[in-house]
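Q: Got a chain to go through with me? Let's keep it quick.

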Amino acid sequence: MKNDENNVVSLRKKALERLEDRCLAKQGTQCPVCMNETPETSIPDVTESGVYMDVYCSNCDTSWQNVYSLTGIQSVESPTLP
Ligand SMILES: [Zn+2]
C-alpha cells in the first residue's frame with residue numbers, strides 16, 4: 001500500500017517536472033499539456049518572493065502559475081552616476 005502511494009507521488013513529480021520543462025522551453029507562452037499557444041493569463045502578482053502569473057488553458061482545462069524572477073536591471077537614471 002505504502003509503496004503504491006510513493007509510486008504515485010513519484011510519478012506525479014516526474015510528470016510535473018516534464019510539464020515545467022516544456023513550459024520553460026516555450027518561455028511560458030504555451031500550454032505545456034496541449035501546446036495551445038493562447039492560454040489565458042492574469043495580471044502578474046508582484047511579491048517579495050517573486051512574480052507570479054496565473055495561466056489557464058481552456059482548450060484542455062489545465063491551470064498553472066508562471067513564476068518569474070529578477071534577472072537584471074536596466075534603464076537606470078540617477079544623479080549619483082558618473
Ligand atoms: Zn492546454
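What follows is a short back-and-forth on this chain.

Q: What kind of model is it, and how are residues numbered?
A: It is a predicted model; local features need pLDDT of at least 70, side-chain atom pairs count only at pLDDT 80 or more, and totals for chains, interfaces and linings use all residues. Residues are numbered from 1 along each chain as its sequence is written.

Q: What does the secondary structure come to?
A: One helix and four strands. The order from the N terminus on is α-β-β-β-β. Helices (H or I, at least four residues) and strands (E, at least two) are DSSP runs, numbered from the N terminus.

Q: How does the radius of gyration look against a compact globule?
A: The chain has 18 Å, while a compact globule of 82 residues would have a value near 12 Å. That radius is taken over C-alpha atoms, and the globule rule is 2.2 Å times the number of residues to the power 0.38.

Q: And what does the C-alpha trace span along its principal axes?
A: About 65 × 30 × 20 Å.

Q: How much of the chain is buried?
A: Buried residues make up 5% of the 82 residues. The cut-offs: buried if 20 or more other C-beta atoms lie within 10 Å of a residue's own, exposed if 12 or fewer, partly exposed in between, with C-beta atoms placed from the backbone.

Q: What share of the contacts is between residues 24 or more positions apart?
A: 21% of the contacts with a separation of 6 or more. A contact needs C-beta atoms, placed from the backbone, within 7 Å.

Q: On to the helix. Which residues does α1 cover, and what should its span be?
A: α1 covers residues 2-25, and its 24 residues should span 34 Å at 1.5 Å a residue. The end C-alpha atoms are 35 Å apart, which agrees. The expected span is 1.5 Å times one less than the number of residues.

Q: Is α1 packed away or in the open?
A: Largely in the open, because the number of buried residues among its 24 is zero. Take Asn6, found in α1. Asn6 has 10 C-beta neighbours inside 10 Å, so it counts as exposed.

Q: How far is Asn6 from Val76?
A: Their C-alpha atoms are separated by 50 Å, and the two are 70 residues apart along the chain.

Q: Now the strands. How do β3 and β4 pair?
A: Antiparallel, over seven bridges. β3 is residues 50-57, and β4 is residues 62-68. Strands pair if DSSP finds at least two bridges between them.

Q: Which residues stand opposite each other there?
A: Val55 is opposite Trp64 in β4. Val51 has Tyr68 in β4 as its bridge partner.

Q: What joins β3 to β4?
A: They form a hairpin with four residues between them. Asp61, in the turn, has a positive phi of about 60°.

Q: Does β3 have other partners, and which?
A: Three bridges join β2 to β3, also running antiparallel. β2 and β3 form a hairpin with two residues between them. Val46 stands opposite Val51 in β3.

Q: And β1?
A: β1 pairs with β3 in the antiparallel sense over two bridges. Glu40 stands opposite Tyr56 in β3.

Q: Back to phi. Why flag a positive one?
A: Most residues other than glycine have a negative phi.

Q: Where else are there positive values?
A: Gln27, which follows α1, has a phi near 55°. Met35 is near 65°. Ser75 is at about 55° and is not a glycine.

Q: Where does Met35 sit, and is it buried or exposed?
A: Met35 is in the loop between α1 and β1 (40-41). Met35 counts as exposed because it has 12 C-beta neighbours inside 10 Å.

Q: What about Ser75?
A: Ser75 lies in the segment after β4. With 4 C-beta neighbours inside 10 Å, Ser75 counts as exposed.

Q: How far is Ser75 from Thr47?
A: 22 Å between C-alpha atoms, with the two positions 28 residues apart along the chain counted as separation. Thr47 lies in β2, residues 45-47. Thr47 has 8 C-beta neighbours inside 10 Å, so it counts as exposed.

Q: Last one: where is Ser78?
A: Ser78 is in the segment after β4. Ser78 counts as exposed, with 5 C-beta neighbours inside 10 Å. The C-alpha atoms of Ser78 and Glu48 are separated by 24 Å, and the two are 30 residues apart along the chain.

Methods
Contact = placed C-beta atoms within 7 Å.
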